[in-house]
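Good morning, colleagues. I shall take a few minutes to go through one model, beginning with its annotation and ending with its overall surface.

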Amino acid sequence: MERGTDLGLVAGLLFGAAIGISLGLLYAPRPGRETRELLRLQADQFKCRSEALGGDLKLTAEQFGSVVREQAREVVHVLKGNGAGKIEA
């Protein structure tokens, strides 16, 4: 892109954001204090859900890692000749 096009794009984005914020403030359905409290509660809920999801993801990754390690041990055992032909799909 050309420099002039880049500047025009950035200016348009900033102008659009300013108009969007202004309209949002004019037509807000709740007072600022109430909106901030609602946003705080939603952020707390999001944080709790994210932490739970992260814990679930960690547990799944650990379980998957255990399975992969066990399968790798079996492959190494077979490749060393101690159990030729015993790899099962």
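Before I turn to the record, a word on its terms: UniProt positions are given in the numbering used here, feature names are shortened, and an annotation may be inferred rather than shown by experiment. Please also keep in mind that the model before you is predicted.

With that said, the unreviewed UniProt entry places a "transmembrane region" at residues 6–28. In the model, the chain over residues 6–28 is 91% helix and 0% strand. The C-alpha atoms at the two ends of that stretch lie 32 Å apart.

Let us now consider the surface of this part. Phe15, Ile19, Leu23, Leu26 and Tyr27 form a nonpolar patch there, and together they have about 600 Å² of accessible area. One of these residues, Leu23, sits in helix H1, which covers residues 3–26. Is Leu23 exposed, or only partly exposed? Leu23 counts as partly exposed because its relative accessibility is 43%, and that class runs from 20% to 50%.

I move on to helix H2. This helix spans residues 32–79, 48 residues in total. From its first C-alpha to its last, H2 reaches 68 Å, close to the 70 Å expected at 1.5 Å a residue. Just after H2, Gly81 adopts a positive phi of about 95 degrees.

Finally, the protein as a whole. It has two helices and zero strands. Of its 89 residues, 3% count as buried. The accessible surface of the protein comes to about 8100 Å², and carbon and sulfur atoms account for 64% of that area.

Terms used: Residues numbered from 1 in each chain as written. Predicted model: local features only at pLDDT ≥ 70, side-chain atom pairs only at ≥ 80, totals over all residues. Heavy atoms only, no water. Helix = DSSP H or I, 4+ residues; strand = E, 2+ residues; numbered from the N terminus. Patch = residues over 30% accessible without salt bridge, like charges linked within 9 Å, V, L, I, M, F, W, Y side chains within 5 Å. Areas by Shrake-Rupley, 256 points an atom, 1.4 Å probe, with all protein chains shown as cover. Salt bridge = Lys/Arg side-chain N within 4 Å of Asp/Glu carboxyl O. Buried < 20%, exposed > 50% of the residue type's maximum accessible area, 1.4 Å probe, protein only. Expected span 1.5 Å × (residues − 1).
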